[in-house]
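Open the model in a viewer and keep the selection tool at hand. The stops below go from a single loop residue out to the sheet, the helices and the cores.

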Amino acid sequence: MNFIENKRKTILTLRWLLIIALSYLLIFQEKGSLFLIETKSRLIFDILVLLYIGSNVTLLFLPKKIFEHPWFDLLLILGDTFIVSSTMVLTHLSSSYFIFFYFLIVLMTTLGKGLSGIVTNGSVLIGVYVLFQTQEVGIEKLISDTGILLQIPFLLISVVFYGVLVDQEHRRYEKTLEQVRGVSEVICTTLNLREVYKTILDALVELLGAEKCSIMLLDKSKETLTIHDARGIPDDIIQTTRVKIGEGISGWVAEKGESLLLNRQTRVNPDGTKREPFPGIGSALTVPLKIQNRIIGVLNVASRSRKKKFTRQDLNILTLFASGAATAIENARLFEEIQTKGIELKAVHMDVVMAFAGSLESKDVYTGGHAQRLSLYAEMIAQNMQLEETKVEEIKFAAALHDVGKIAIPDRVLHETGKLDLEQWEIMRTHSEKGALMIAQIASLSHLSLYIRHHHERWDGNGYPDKIKAERIPIFSRIIAVCDTYDAVTTNRSYQKAYEPEEVIKILKACRGTQLDPGIVDIFLSLIFKNDGLLMFCGTPSGQISYGVEKKILRPIMVPLKTAA
């Protein structure tokens, strides 16, 4: 059963319970054993009960879609409040305490979160109400007066009715957020730019009911927005639209970095100028696409229908979704840029590779500056091993891209701050294979894929994914493994503080011949002993020291390159 049908059945069931309670009052009234009300008041009471029954019968035949709208929930609350309150007054069941607590319950359930919390709060209020009544009329009168006792089930029904109504909205919101997270995981696992665009637009239609939507990105000058893909917009508009930063709705959002909600009632533009209604647009949302604090474009969503009005909740959902969408777009664009740079390794610039690695690190909160440091450490080891210049360049690229497969790891796993469970660990272990597959798609870097695949193999054969050991592991993978281990124990993570220099050396020696290649460990330790610049990074928060500063500190222990013959 979908959410709307479930909500519809819940509302109808609870309203029938209220009708039963009202009918109970009517029976007492007819018997004359409880109420002494005038004929005119009795007639009004009968009409109110019949109206309530009629409204519930009407709900049976209304389109299910009407239950989606927030205004419909508000209309139900106001209508039910009016009918129940009027009934109480007409039957002389009302009192200052009752009216006060009734409206307090309506307010608390409307603002509450979670059905259990709402019912608990409502029950506490009812308990307090009973205490007030006991103090006013005494316990004996309270127990013997059916009229007062009947107020309690009315309050209980109200608590359940409004509580379930609000809880249904919260559940819908949570379900939408779960869908947003799911789509974000999907788009972050593909590096095909057209596929990323398609998935984003499909999600906007599905999640928000968008009839028109577009992805606008800044050009290379960072001054103009152009449409890269869209739904519900003619091709000629897609091809010709150019929006300067600061101009119009999209330009303002791109300039200020703030999300915007526009409805037909919105008469003023963000810059204070008078806004003319857009033809064929009833409601619209525009949010920035950000990578950290850098804006790369905007997402636009619009509805043609007057009946479809976006809400602040929709804006929050789109803003959350835009965060994952921006990362996916940036990754795919960088990947595409690397692919088109050329066939030879030299044609791929290190700054492009570092930008790609940096985009990954914006996704993984633990790896700030990690790729840069590993590239530098690997370069030092390769130079001291007297490898040829071309090989040194290769290991720098391989080290910078060794964790690229984490792009395909879901955020719920990548951002886990505690210890990974078995399922999460199995997912995380796939990043080396996925990274190798990604790099294999780039002609100019495909020969590095083997090094990326095996950078988590162990010298003793207990690593992954292929459990190869010793010298069967590619030498570049062994170099990356040493650098990776060193960086893991010398930077602060949420699950582990950086070790002191003496402990770092002990850990490297302990891993020698088991986890790590003993020869490469010895080379790296010799570099540490030659110059303590490496140990300056112990206890440094990830990414705090820039690549340039690291290189300056470590320059004294870097040796001249051996050029190819």
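Is Lys222 buried or exposed, or something in between, going by its relative accessible area? Select Lys222 in this predicted model. Lys222 is partly exposed, with a relative accessible area of 47%. The residue sits in the loop that links E1 and E2. Its phi is positive, about 65 degrees, although Lys222 is not a glycine. Most residues other than glycine have a negative phi, and most peptide bonds are trans.

**Whole chain**

Zoom out and colour by secondary structure: there are 22 helices and eight strands. Buried residues make up 50% of the 565 residues. Switch on the surface; the accessible area is about 27100 Å², and 57% of this belongs to carbon and sulfur atoms. For a contact map, take the contacts with a separation of 6 or more: 65% of them are between residues 24 or more positions apart.

**The six-stranded sheet**

Next, select strands E1 to E6. They form an open sheet in the order E3-E2-E1-E6-E5-E4, with antiparallel pairing. E3 (242-244) and E4 are the edge strands, each having a single partner strand, so one side of each is left without a neighbour in the sheet. Ignoring direction, neighbouring strands are turned by 25 degrees against each other on average.

Move to E6, residues 294-303. Nine of its 10 residues are buried, so E6 is largely enclosed by the rest of the structure. On one side, six bridges join E6 to E1 in the antiparallel sense. Here Lys212 stands opposite Ala302. E6 also pairs with E5, again antiparallel, over nine bridges. In that pairing Ala302 is the bridge partner of Ala284, and Arg294 stands opposite Ile291.

Follow E5 into E6 and stop at the hairpin. Two residues lie between the strands, and Gln292 takes a positive phi near 55 degrees in this hairpin.

Now go to the edge strand E4, residues 260-263. Which way do its side chains point? Leu260 and Leu262 point one way, Leu261 and Asn263 the other way, and all are buried. E4 pairs with E5 (residues 283-291) through four bridges in the antiparallel sense. Leu261 stands opposite Leu285 in E5.

**Helices on the sheet**

Add helix H8, residues 193-208, to the selection. H8 lies across E1, E2, E5 and E6, and runs at about 70 degrees to E2. Then add helix H10, residues 248-256, which packs on the sheet and touches E1, E2, E3, E4, E5 and E6. The direction of H10 makes about 145 degrees with that of E6.

**The largest nonpolar core**

Hide the sheet and select Ile439, Ile479, Leu508 and Phe524. These are the residues with the most contacts inside the largest nonpolar core, which has 48 residues. Helices that each supply at least two residues of this core include H12 (350-361), H13 (370-384), H17 (431-440) and H21 (518-530). Which helix gives the most to this core? H19 does, with eight residues. A second, separate core has 38 residues, among them Cys188, Leu201, Leu207 and Ile296. In soluble globular proteins, nonpolar side chains tend to be buried together.

**H19 against H20**

Keep H19 (475-490) and H20 (501-511) on screen. At what angle do H19 and H20 pack? The angle is about 150 degrees, and the axes are 10 Å apart. H19 passes H20 in a right-handed crossing. To display the contacts, show Thr485, Tyr486, Val489 and Thr490 in H19, which meet Val504, Ile507 and Leu508 in H20. Leu508 is also one of the residues with the most contacts inside the largest core.

**The loop between H18 and H19**

Finish in the loop between H18 and H19, where Pro465 is found. A cis peptide bond joins Tyr464 and Pro465, with omega about 10 degrees. Then select Ala470, which lies in the loop between H18 and H19 as well. Ala470 has a positive phi of about 50 degrees although it is not a glycine. Ala470 is partly exposed, with a relative accessible area of 23%.

Definitions and conventions: Residues numbered from 1 in each chain as written. Predicted model: local features only at pLDDT ≥ 70, side-chain atom pairs only at ≥ 80, totals over all residues. Heavy atoms only, no water. Buried < 20%, exposed > 50% of the residue type's maximum accessible area, 1.4 Å probe, protein only. Pairing = 2+ DSSP bridges. Core = buried A, V, L, I, M, F, W, Y, C linked by side-chain atoms within 4.5 Å. Contact = heavy atoms within 4.5 Å. Areas by Shrake-Rupley, 256 points an atom, 1.4 Å probe, with all protein chains shown as cover. Axes fitted to C-alpha atoms, helices over the stretch in contact; angles between N-to-C directions. Left-handed = near helix turned anticlockwise from the far one by under 90°.
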